[in-house]
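Please open the model in your viewer and keep the sequence panel beside it. The tour below proceeds by selections, and each stop says what to pick and what is found there.

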Amino acid sequence: MMKRVLIITLFLILSFYVVFPQSVTLKVREKTILRGERYVTVKFSVEGGKENFTDVDVAKGGYYYFVCLPEGNWKIDEEFAQEFTSKVLIRQDGNVYYPEVYDLLKIGENVGLIVGFEKKFKIEKPFEIVYPISEKVVESAEVKVPENLWAGYSKAFKTYQDGIKLYNDGNYQNSADVLFELVANEEAKKFSFYKDAREKCIKSLDNILVALVDKFNSVVASAMEPEDKLVKYDSLKVQFQNYVNSVLTPKLNVLSDTLVFAMLSRANGYFEKLENEVQAEKYRLDIKSISWLNTESGLNFKYRLIIDALAYAFTSESFWDNPDTTKFEFVLPDTVLANLRIFGVEKDYNIFQRVCISNLKNRGTLFEEKFLVNLLNNSSLLPQPYYEIFLAVDNYLKRNYLESRNYIARALVKLTDDELIRRLGVLHGMIFVKQQNLSSEAVELYREGLRKLTSGDKVGGLDAVRRAVLVEPRFPLANYVLGNEYFKDGDFYPAIVYLSKAISLDSNFVPAYVRLFDIYKAQGNWSEAKTVLESALSKRNDFWIIRILLGQVYNELKLYDNAVESFLKAINYNPLNYEQYIYLGVVYSNMKKFADAEAILKKAAEINPDRKEAYEELKKVENLKKQK
């Protein structure tokens, strides 16, 4: 709706063209026998036609404004204002936008027209101002708003200038931090200086690494005694670890650049080179270092790295289901393996692993009692229930299947890692095979199918698993594999059939519930997802992952009280998970409980200050509070 006209007198010191950096000219009337042509100059502006405005001024309010001034000897009046605003429009990317408000304003002796459009189009992209003079004649002109008026420009450019100055001064540590603040901002990508900021950020990271490598090479090439070299090495290793832990690694996912990944590779290469140089001197210390896993606190980063890696190692199906005890295979995620190498604990991990395998062969158990006692004492400080995971595998290898199944259930209460949940689900599935004495032929066909699927032979792999189901219809794990493969292909209906069959055979097979949730989520079928997950709870699957998924479902169904209850349950099971606080914060926000939302989102930021989701949700909450 058009707003009633308000006459505003502007006192301009500078010329109009200095105030408005962007303008176009439109014909608003054609020449006739009785009347001449008329033109208006349309210029991007802000409310009230303020001069020398900035991006901060543009960002205020809900409208983008344009000032229209007459060219030649004619004056804008109320009649023209109404006619002009009823016809003029903006076109961008196939969409059309019409003015919502207008004012008449006085500039010196002239009257101008200021028109406001809702901020539904992007001033960062060119757009057309269109004015139909008649049915046959349409005037239009393209407008490009300078980037210094785009939202966030002032702050982004100031950050860029600060970072470049630090870079030019050789202060690469602070330069990398400052420029990364800009690079990590998705909104900053629209600015012309973003690319240079990103390049300088990466170069700063590289220069930091170059300085560390020079120090490494200096120690390696020195004529110091081995003991003195070890002292120097330990000092430099700390510096290297600080670099990759607090400087490079937090930036890796955001930058996603081959040069940054190359830095990790180079850093790892120099680290391994130095390890080889002092291997003989380090051997005794390496052996001794294993004992610290029996006493170290769960707050120690290295301790947590090794424990996490061991959890993946011992839950590898190629380890616990390998009939060849002379050769064990451990499947670790690439990031876990890379971190072991980067932070210099791969050797400790390997030594400890070898000790465990030796224990298994010689004593029939994986772990020393001191190690398990210390691990249990550290349980509240660790992000995953490693104690229960290790004992689940250990008891399975000792053929204590009931005990193993009980430890799996205890682990799943707190477990938040998707891959570990899947692996324990597979272990649970194989325990079902043992306890139900399922067909050995079916199990072998299942294993054959897995081998073929892993090698890329999908047709052969699926055929083998299907035959396993035919031979043994009571095989939950084989039904799950088939359902999961159909899910990967986006063929949801057969996937639902096989996954539902797996659950009907084994109501405690958690990965099948998770995958069914994924399917119903993809379909937007939240009601069915609710039914499946509530069924899981009713069948004694009250685990963190079920509570988290159910909380998401309740939120989508606007059952907010139920969602809060579910997420609080999850937090009670494992208070160290980041995502659950984001989910709960969103629910509180949906309930208009903004104070609760802010408190829970700040808790998420405390857990992981390097991730941006909590800050983004906090901004949304702040905006919602302003709209109240």
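Bear in mind throughout that this is a predicted model. Begin with Arg-540, the residue that follows helix α23, and note that its phi is positive, near 65 degrees.

**Stop 1: helix α23**

From Arg-540, step back to select residues 526-538, which make up α23, a helix of 13 residues that reaches 18 Å from its first C-alpha to its last, close to the 18 Å expected at 1.5 Å a residue. Now colour Trp-526, Ala-529, Val-532, Leu-533 and Ala-536, which are buried in this helix. If you turn the view to look down the axis of α23, these buried residues fall within an arc of 125 degrees, so they line one face of the helix. The spacing is worth recalling here: an α-helix has 3.6 residues a turn, so residues three or four places apart point the same way. To see what the buried residues of α23 pack against, add α22 (510-523) and α24 (544-556) to the selection.

**Stop 2: a residue inside helix α17**

Next select Leu-424, which has its place in helix α17 (residues 418-436). Is Leu-424 buried or exposed? With a relative accessible area of 0%, Leu-424 is buried, because the cut-off for that term is under 20%. Leaving aside residues up to four places away in sequence, display what Leu-424 touches, namely Thr-315, Ile-389, Ile-408, Ala-411 and Leu-415. For one of these, Ala-411, you can check the backbone as well: its C-alpha atom and that of Leu-424 are separated by 8.7 Å, and the two residues are 13 residues apart along the chain.

**Stop 3: an open sheet of four strands**

Move on to the four strands that form an open sheet in the order β6-β5-β9-β10, with antiparallel pairing. Its edge strands are β6 and β10 (138-143), each of which pairs on one side only, and from one strand to the next the twist averages 25 degrees. As background, strands of a sheet pair through backbone hydrogen bonds, either parallel or antiparallel.

Working across from one edge, select β5 together with strand β6 (residues 95-97), which run antiparallel and are joined by three bridges; here Gln-92 has Asn-95 in β6 as its bridge partner. The hairpin of β5 and β6 has two residues between the strands, and within it Asp-93 takes a positive phi near 50 degrees.

On the next pairing, strand β5 (residues 89-92) and strand β9 (residues 127-132) are antiparallel over three bridges, and the bridge partner of Arg-91 in β9 is Glu-128. Then follow β9 to β10, where the antiparallel pairing extends over six bridges and Pro-132 stands opposite Val-138 in β10. Finally, show helix α3 (residues 78-87), which packs on the sheet, touching β5 and β9, with its direction making about 125 degrees with that of β9.

**Stop 4: aromatic rings**

How many aromatic pairs does the count come to? The count comes to 42 aromatic pairs. For one of them, select Phe-66 and Phe-117, which form an edge-to-face pair at 5.8 Å centre to centre, with 90 degrees between the planes. This pair links distant parts of the chain, since Phe-66 lies in strand β4 (residues 63-71) and Phe-117 in strand β8 (residues 110-118), 51 residues apart. Both Phe-66 and Phe-117 are buried.

To end the tour, widen the selection to Phe-44, Phe-53, Tyr-64, Phe-66, Tyr-97, Phe-117, Phe-121 and Phe-127, which ring pairs link into a cluster.

Notes. Residues numbered from 1 in each chain as written. Predicted model: local features only at pLDDT ≥ 70, side-chain atom pairs only at ≥ 80, totals over all residues. Heavy atoms only, no water. Expected span 1.5 Å × (residues − 1). Buried < 20%, exposed > 50% of the residue type's maximum accessible area, 1.4 Å probe, protein only. Arc of directions from axis to C-beta. Contact = heavy atoms within 4.5 Å. Phe/Tyr/Trp six-rings, centres within 6.5 Å; stacked < 30°, edge-to-face > 60°. Pairing = 2+ DSSP bridges. Axes fitted to C-alpha atoms, helices over the stretch in contact; angles between N-to-C directions.
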